[in-house]
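Here are a few exercises to work through with the model open beside you. Try each task before you read its solution.

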Amino acid sequence: MSTRQRKRRVVAKLYVPLLCVLCLSYFAFHALNGDYGVYAKKRMAVRIASLEAELAALQSEKLRIEHRVSLLKPESLDRDLIDELARRNLNYVHVNDIVVLPHE
């Protein structure tokens with residue numbers, strides 16, 4: 001009985017490193033481009049900044065509306081506001097009034 005030694009093929013030596021490179025490249029690609037990757041984080045930061053700006057604008061609008069509503073409470077009626085709302089809603093203009101139309 002004799003043992004015969006066979007030479008390993010060069011391709012057989014490259015299976016494990018090739019598999020490791022493919023696996024690492026897969027995870028590297030998804031670390032950059034995936035749903036929670038580096039680029040997605042930058043896009044989320046930009047979106048957060050725009051939404052915070054929109055939130056600030058909406059909060060200031062809400063405060064403005066709350067202030068106008070507080071002027072309409074029975075204990076603190078503002079005659080100028082009531083006059084302004086009535087004229088706007090009824091399309092009423094006094095003879096001595098100067099009308100400035102908004103430019104559209």
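**Exercise 1.** Which side chain meets that of D83 in a salt bridge? Find the partner, then relate the pair to the helix and to the surface.

*Solution.* Keep in mind that this is a predicted model.
- Step 1: the partner is R87, and the N to O distance is 3.1 Å. That falls within the 4 Å cut-off for a salt bridge.
- Step 2: D83 and R87 both belong to helix α4 and are four residues apart, so about one helical turn separates them.
- Step 3: D83 has a relative accessible area of 38%, so it is partly exposed. R87, at 25%, also counts as partly exposed.

**Exercise 2.** Trace the salt-bridge network that contains E84.

*Solution.*
- Step 1: begin with E84 and R88, whose closest N and O atoms lie 2.7 Å apart in a salt bridge. These two residues are four apart in helix α4, which means about one helical turn between them.
- Step 2: look for another partner of E84. The side chain of R68 meets that of E84 in a salt bridge, at 3.8 Å from N to O. This pair links distant parts of the chain, 16 residues apart: R68 sits in helix α3 (residues 38–71) and E84 in helix α4 (residues 79–90).
- Step 3: join the two contacts, and R68, E84 and R88 form a network of salt bridges.
- Step 4: check the exposure. E84 is partly exposed at 35% relative accessible area, and R68 is partly exposed at 26%.

For context, the structure holds five salt bridges.

**Exercise 3.** Describe the largest pocket by its volume and its lining.

*Solution.*
- Step 1: the space in the largest pocket is about 280 Å³.
- Step 2: list the lining, which consists of E84, R87, R88, N91, Y92, V93, D97, I98, V99 and V100.
- Step 3: sort these residues by type, which gives five nonpolar, four charged and one polar.
- Step 4: compare with the earlier exercises. E84 and R88, both in this lining, are also members of the salt-bridge network with R68. R87, another lining residue, is the partner of D83.

**Exercise 4.** Is Y15 buried or exposed, and which surface patch does Y15 belong to?

*Solution.*
- Step 1: locate Y15 in helix α2, which spans residues 15–33.
- Step 2: the relative accessibility of Y15 is 55%, so Y15 counts as exposed; the cut-off is over 50%.
- Step 3: Y15 joins V11 and V16 in a nonpolar surface patch, and together they have about 330 Å² of accessible area.

Note on methods
Residues are numbered from 1 along each chain as its sequence is written. This is a predicted model: local features need pLDDT of at least 70, side-chain atom pairs count only at pLDDT 80 or more; totals for chains, interfaces and linings use all residues. Side-chain values use heavy atoms; hydrogens and water are left out. Patches are made of residues with over 30% relative accessible area and no salt bridge: like charges are joined within 9 Å, nonpolar side chains (Val, Leu, Ile, Met, Phe, Trp, Tyr) within 5 Å. Accessible areas come from the Shrake-Rupley method with a 1.4 Å probe; for residues, only the protein chains shown count as cover. Buried means under 20% relative accessible area, exposed over 50%, partly exposed in between (1.4 Å probe, protein chains only). On a 1 Å grid over the protein atoms alone, a cavity is a set of points where a 1.4 Å probe fits but cannot get out, and a pocket is an open set with protein on both sides within 12 Å along at least five of seven lines; lining residues have an atom within 4 Å of a point. Grid points are joined across faces, edges and corners, and a volume is the space filled by probe spheres set on the points. Ala, Val, Leu, Ile, Met, Phe, Trp, Tyr, Cys and Pro count as nonpolar, Asp, Glu, Lys and Arg as charged, and the others, Gly among them, as polar.
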